[in-house]
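Colleague: I'd like to go through the labels on this one and hear what backs each of them up. Can we start with the charged pairs?

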Amino acid sequence: MQAWRVHENGEPGQVMRLEEVDRPVPGPGQVLLRVRAANINFPDALLCRGQYQIRPPLPFTPGVEICGETEDGRRVIANPALPYGGLAEYVVADEAALLPAPEALDDAEAAALHIGYQTGVFGLHRRAHLQEGETLLVHAAAGGVGSAAVQLGKAAGARVIGVVGGPEKAAVARELGCDLVIDRRTDDIVAAVKEATGGRGADVIFDPVGGDAYAKSAKCVAFEGRIVIVGFASGSVPAPALNHALVKNYSIVGLHWGLYAQKDPASIVRCHEQLTKLAAEGAIKPLISERVPLKDAAAAVQRVADGTTTGRVVVLPDGAAR
């Protein structure tokens with residue numbers, strides 16, 4: 001089979017190689033899946049760079065999220081078992097963790113439903129307890145995780161403010177349903193949020209960016225607001241001023257979604273059932289900006305790493321537009 005493999009750490013476009021390799025062999029409790037679609041996530045770039053919290057042995061295949069097909073023809077969503085990641089024609093995955101792909105979504109959309117949307121649900125509801133009528137601020141609102149948070153926020157009845165970088169991403173955020181879009185390159189984020197909320201600030205802030213985005217968040221979070229730390233796509237890990245959190249009465253909460261697979265796997269199943277229902281109702285639908293063949297996967301991962309993409313970029317091993 002064909003698979004992209006990383007033999008040394010570095011930028012995805014430089015270190016990923018498309019190779020002919022043997023199909024992976026399932027271990028105890030695992031199954032072999034044919035990859036129907038593989039969604040590219042920012043952690044795939046971090047894996048290539050050797051900067052992710054999980055460091056599979058070299059060589060490995062990136063790709064942490066797929067829509068696949070079992071040997072008996074079931075369409076499922078899975079997190080491949082590294083080092084045999086999803087940017088390949090076949091993967092192995094833990095059988096107990098397989099989830100049914102929603103009928104309302106095609107293969108590319110199903111591949112993009114899992115990590116980003118689960119992160120959004122756990123971050124907004126389990127960690128931040130977002131309420132109907134509250135104001136939600138989403139950084140990187142046109143990105144993969146951000147676009148999911150926007151849709152989930154709207155589905156929960158929140159007023160959603162999206163922060164993006166540039167007019168093209170601003171247009172995407174508006175199409176996603178943001179009530180207000182702020183371009184961080186030209187607008188004053190803090191002033192715009194305070195003006196839009198009558199000086200109150202945002203009740204919940206969803207931050208997958210870190211760095212300056214977090215600094216701005218702390219200046220426009222509401223009384224008893226919640227800042228959800230999801231990731232550090234900017235490459236800069238902020239150092240919060242805890243005295244500031246004390247005097248303004250806001251909470252800083254972290255979210256490492258992957259821990260739930262270890263600590264509370266049943267919660268992932270319940271979340272998937274909720275997401276499947278929302279997809280069937282048309283309340284959420286992954287934004288697929290590109291569907292690329294397997295041969296173009298390295299360049300696609302590099303674009304995600306560079307932050308130039310919107311929504312989700314999905315790799316289709318046979319090149320079909322599914």
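**Salt bridges and cores**

Modeller: Sure. It's a predicted model, and searching the whole structure turns up 18 salt bridges.

Colleague: What makes Arg34 and Glu69 a salt bridge?

Modeller: Their closest N and O atoms are 2.7 Å apart. The cut-off is within 4 Å, so the pair counts. The two partners sit 35 residues apart in the chain, Arg34 in strand β3 and Glu69 in strand β4.

Colleague: Why is Arg34 called partly exposed?

Modeller: Its relative accessible area is 31%. Buried means under 20% and exposed over 50%, so Arg34 falls in between.

Colleague: How do you know that Lys295 and Asp296 form a salt bridge?

Modeller: The closest N and O atoms are 3.3 Å apart, and the limit is 4 Å, so this pair qualifies too.

Colleague: And why do Lys295 and Asp296 get the labels they have?

Modeller: Lys295 has 58% relative accessibility, so with the line drawn at over 50% it is exposed. Asp296 has 29%, so it lands between the two cut-offs and is partly exposed. Elsewhere, salt bridges with shared partners tie Arg34, Arg36, Glu69, Arg75 and Asp107 into one network.

Colleague: Which residues have the most contacts inside the largest nonpolar core?

Modeller: Leu33 and Leu136, in a core of 83 residues. Helix α12 gives the most to this core, with 6 residues. A separate core has 18 residues, including Val163 and Ile205.

Notes
Residues numbered from 1 in each chain as written. Predicted model: local features only at pLDDT ≥ 70, side-chain atom pairs only at ≥ 80, totals over all residues. Heavy atoms only, no water. Core = buried A, V, L, I, M, F, W, Y, C linked by side-chain atoms within 4.5 Å. Buried < 20%, exposed > 50% of the residue type's maximum accessible area, 1.4 Å probe, protein only. Helix = DSSP H or I, 4+ residues; strand = E, 2+ residues; numbered from the N terminus. Salt bridge = Lys/Arg side-chain N within 4 Å of Asp/Glu carboxyl O.
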